[in-house]
Amino acid sequence: MRVTILTFGSLGDVQPYVALGLGLQATGHAVRLATHAPFETLVRSRGLDFFPVDGNPRGILETDAGSRWLDTGRNPLGFVRGLLQVIEPLMVTVMQQCMRACQDADAILVSLLGFYAGYHIAERMKVPLFLAYYLPVSPTRAFPSTVLWFDLPLGGPLNRFSHYLAGQLFWHPLRAPLNRVRQELLDLPPLPFWGIAREIFEERWPILYGYSPTVLPRPAEWGPRIHVTGYWFLDRSDEWQPPADLVDFLQAGPPPVSIGFGSMNTRDPEATTSLVLEAVARARQRAVLLTGWGGLTQADLPDEVFKIEAVPHDWLFPQVAAVVHHGGAGTTAAALRAGVPSVTIPFFADQPFWGWRVCKLGAAPRPIPRRRLTARRLADAIQAAVGDRDMRRRSALLGERIRSEHGVARAVEAFHQHAAALCGV
């Protein structure tokens, strides 16, 4: 089969789909991954076909609109409005590019953001659609929506309702521009008021959830088209070698704390760096600062701190005492697999949910929302993560279980199960 994968966003939104694409390719499928141009080298270096899609996610987040979007925090309406401002100018061009990427596909597999292109293209081309998400969107009484989560005991009925509410919250701001694209570009009829969210809830398509059932068990009420497969980890390439000075730093003292916020930009990186350095000093820890897109800066660092833009998480995290991060699904997964405690500083979207979940599992102290971050709070959380023996023990046990899961293999198996019925293969 020829399978096209559509995924948009940051590196954390691309790496899992490279891993999934490699799993599909290993079983004989021809896989093309359509995403942003900055990730072409990553995709092609792993042997997958690549198709470029407009939009530089790093550039977008560094604009004023991108900064305002990150500042929406726990406000779901602000998050959706910000998302619309980011994607609406690209909508027609990206849809055209995705159409070309899928022109010879026998099946289309989409990420959460990729769904908003892949749904219409699959309908236009009459090919099967597979949803491959790293966070749950299917209604359940077991837990609330990951994007409407609040630290309150809602109960079963309200938990379930929150998923419907989130689906409509994301659909309605996009309804008018997407319907214009459907009519003017794809010659498809406009979608009704309840739109595409309702079809997800009715389990019209197979859904592959790329997170661990150890972290968030599969609700019994979900139907046979919904699979919780385990994480889709993309490990470092065999050619990668760690910088010698980083190796020397790690060997020169006790395990440090890893600190980085991935693609989350801050308006004042100097202030953020100063806060982090003060917290590290208060906690009396060594640290590796992963600057990423977040712009953690400051050239004059103490000897106890090492700064580097990025390091493969599967190499670094097993060597540190704890991981301070933004609660993104991918970084959360990497810290859990390494078996070390987390300290989460959620910015927005699903990050507060994953921060809460890791805390609930006993592998992290309570999350610190970005707007409430202070050096003292961060230092206290780091000390708790490093010094709590029970937390370290629970983190290690979670890591053992997650390392025993084979998320990509289970996802490929589920794909074949449904492809046999939908594609006749």
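Which residue in β9 is the bridge partner of V257? In this predicted model, the partner is A287. The two residues belong to a pair of parallel strands, β8 (residues 257–260) and β9 (residues 287–290), which are joined by four bridges. In general, the strands of a sheet are paired through backbone hydrogen bonds, in either a parallel or an antiparallel manner.

Strands β8 and β9 are part of an open sheet of five strands, arranged in the order β10-β9-β8-β11-β12 with parallel pairing. The edges are occupied by β10 (305–308) and β12 (342–344); each has a single partner strand, so one side of each lacks a neighbour in the sheet. From one strand to the next, the twist averages 15°. Helix α11 (residues 269–283) lies across three strands of this sheet, namely β8, β9 and β10. The direction of α11 is at about 165° to that of β9.

The edge strand β12 is also involved in the surroundings of helix α14 (residues 351–360). Of the 10 residues of α14, eight are buried, and the helix is therefore largely enclosed by the rest of the structure. The buried residues are Q351, P352, F353, W354, G355, W356, R357 and V358. These buried residues of α14 pack against β12 and against helix α13 (329–338). Just after α14, a positive phi of about 80° is found at G362.

Two helix pairs were examined in the same terms. In the first pair, helix α1 (residues 15–26) packs with helix α17 (residues 407–422) at an angle of about 60°, and the axes are 9 Å apart. The two helices are thus oblique, because an angle of this size falls outside the ranges for roughly parallel, roughly perpendicular and roughly antiparallel. The crossing of α1 and α17 is right-handed. On the α1 side, the residues involved are A19, L20, G23 and L24; on the α17 side, they are V408, A411, V412 and F415.

In the second pair, helix α6 (residues 91–101) packs with α8 at an angle of about 50°, with a distance of 10 Å between the axes. At this angle α6 and α8 are therefore oblique to each other. Their crossing is right-handed. Residues M91, V92 and M95 of α6 meet L174, P177, L178 and V181 of α8.

Helix α8 (156–184) is followed by a loop that leads to α9 (195–201), and D187 is found in this loop. D187 counts as exposed because its relative accessibility is 65%, and the cut-off for exposed is over 50%. Although D187 and R124 are 63 residues apart along the chain, their C-alpha atoms are separated by 8.2 Å.

Some values describe the chain as a whole. The chain has 425 residues, of which 56% count as buried, and it contains 17 helices and 12 strands. Among the contacts with a separation of 6 or more, 65% are between residues 24 or more positions apart. The chain exposes about 18,000 Å², and 53% of this area is supplied by carbon and sulfur atoms.

Terms used: Residues numbered from 1 in each chain as written. Predicted model: local features only at pLDDT ≥ 70, side-chain atom pairs only at ≥ 80, totals over all residues. Heavy atoms only, no water. Buried < 20%, exposed > 50% of the residue type's maximum accessible area, 1.4 Å probe, protein only. Pairing = 2+ DSSP bridges. Axes fitted to C-alpha atoms, helices over the stretch in contact; angles between N-to-C directions. Contact = heavy atoms within 4.5 Å. Areas by Shrake-Rupley, 256 points an atom, 1.4 Å probe, with all protein chains shown as cover. Parallel < 35°, antiparallel > 145°, perpendicular 65-115°, else oblique. Left-handed = near helix turned anticlockwise from the far one by under 90°.
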